[in-house]
Amino acid sequence: MLKIDKDKIHIFILCFLACFPMLNMKIANGTVIVLFIFSLLFGNNYYKKWNKNSLIDLSFFLLPFIYILIHCLIIDQSKEAHFYLEKSLSLGVFPIIFFLLPLNKNKFDLLFKIWTGCSILVSVWGLTNTMALLNVNVGINKFWQSYREMFNDPSFSHLLRSNFENFTKIHPTYASMFLGISFLYIFNLIIIQKISNKNSLLFYIVILVLIFGLQLILAARTPLIATLLIAIGIYTIHNRKNKKVYLFHALAIIIVTSLVILVPSINSRFKEVNLNNTNTPNVDNQNSLNIRAGIYKCSFEIIKNNWVLGVGPGKLQTKLNECYFGISKEVYERQNYNTHNQILDYWAAMGILAPILLILFFGRIIINFHNEENNYLIIGLILFFLICMLTENILNRQNGVIPFALFMSFLGLQNKPNFTK
């Protein structure tokens, strides 16, 4: 009876944490702490002995966090470095949680479904409130005379994204990441697991279309592109012997091209992508893309001069700002721009070993699970996070590091037995 109660408590905490897209950050962090303490208290009651391979796996999962711990407590030791360590705690906590209490298949699916529902709800809620707010400014003698004028306004995308963040407290890029994780899970159910019930299949297809539509409206380029590329890749590899795969490619290209042209928010975002925006910005010519050109220029300069040990997690932003002001103080003084690339952030802050350990983390999961039932989903999510890391420091924000550590840990540890019973 006691074991059943523990199981119920465990799944309740996990389900609550799966509501992360809708949770206040303090509540989310508190839930992680409760889950960690629960795992420490009761994990040893489920298994009697750890085997050698399971401990090796756990070591690979913990390597990035251990290296951050060493850098922030021994090498850097600044207040900023301690805050950096605090934001990275999930990288050390979640592997231990799912090592002590790995999930079975039913819990695995339940968590993904709750995550998907919450991701959709928070995105719909945020966009509904945003459009209601913008709608007040449409009409005769108002800021926009018509909806067509509003949608064609170059500032529409910025207004939509900034107001969405005000309502949800989630940056659109991270909201789109939450949706991308959900999309890949549902896509895996439809394509790989092949749902036989027609009503269930129709329901999941509708959910898939809804998720993709929300991603288009949010207009976060990298998560959207990552979702599409990985979904197409999964379908192609799984159906590589079927000639219909070429029809799928053609249809995907036509649909995506049409939507990019027709959806105002995503259209304005993709218009920024051109060769003229590869130069560094100035006060008269600045946008999200050429600002990044300056960011990457400074990131590479810092790495070039500190490629072995980095400048320290607590000192990186100061070094970046010094370099930015040399490009254009007027453009960069409004906020602290990070490296906008997780690999560059780790390398510039902690030296060459940091990104290598992160790659080993991914490599260990792929090696362990390339023949497992959920390998498409596991590898798909690894690629998804890697692509998102190319333009965002997702491990420097709680909205990024918690989902990353959560999904990588329970996906990486849910199939293989971690203990000898």
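Which backbone oxygen lies 2.9 Å from a polar atom of the side chain of Thr339? In this predicted model, it is the backbone oxygen of Asn341. The side chain of Thr339 has a further polar partner in the side chain of Asn393, at 3.1 Å.

Thr339 itself sits in the loop that runs between helix 15 (316-332) and helix 16 (342-350). Despite this loop setting, Thr339 counts as buried because its relative accessibility is 0%, below the 20% cut-off. Beyond its neighbours within four places in sequence, Thr339 is in contact with Ile295, Tyr296, Ser299, Leu316, Leu320, Leu344, Asp345 and Asn393. Two of these names, Leu316 and Leu320, return among the buried residues of helix 15.

Helix 15 deserves a look of its own. A kink of about 95° is centred on Gly326. The end C-alpha atoms of this 17-residue helix are only 15 Å apart, whereas a straight helix would reach 24 Å at 1.5 Å a residue. Besides the two leucines, the buried residues of helix 15 are Asn321, Cys323, Tyr324, Ser328, Val331 and Tyr332. Their cover includes helix 14 (288-305) and helix 16.

Stepping back to the whole chain, the model holds 19 helices and 2 strands. Of its 421 residues, 51% count as buried. Among contacts with a separation of 6 or more, 75% join residues 24 or more positions apart. The chain exposes about 20600 Å², with carbon and sulfur atoms supplying 64% of that area.

Key: Residues are numbered from 1 along each chain as its sequence is written. This is a predicted model: local features need pLDDT of at least 70, side-chain atom pairs count only at pLDDT 80 or more; totals for chains, interfaces and linings use all residues. Side-chain values use heavy atoms; hydrogens and water are left out. Helices (H or I, at least four residues) and strands (E, at least two) are DSSP runs, numbered from the N terminus. Buried means under 20% relative accessible area, exposed over 50%, partly exposed in between (1.4 Å probe, protein chains only). A polar contact is a pair of N or O atoms within 3.5 Å; within protein, one must be able to donate a hydrogen and the other to accept it, and residues adjacent in sequence count only if both atoms are side-chain atoms. Contact means heavy atoms within 4.5 Å. The expected span of a helix is 1.5 Å times one less than its number of residues. The bend at a residue is the angle between axes fitted to the seven residues ending there and the seven starting there. Accessible areas come from the Shrake-Rupley method with a 1.4 Å probe; for residues, only the protein chains shown count as cover.
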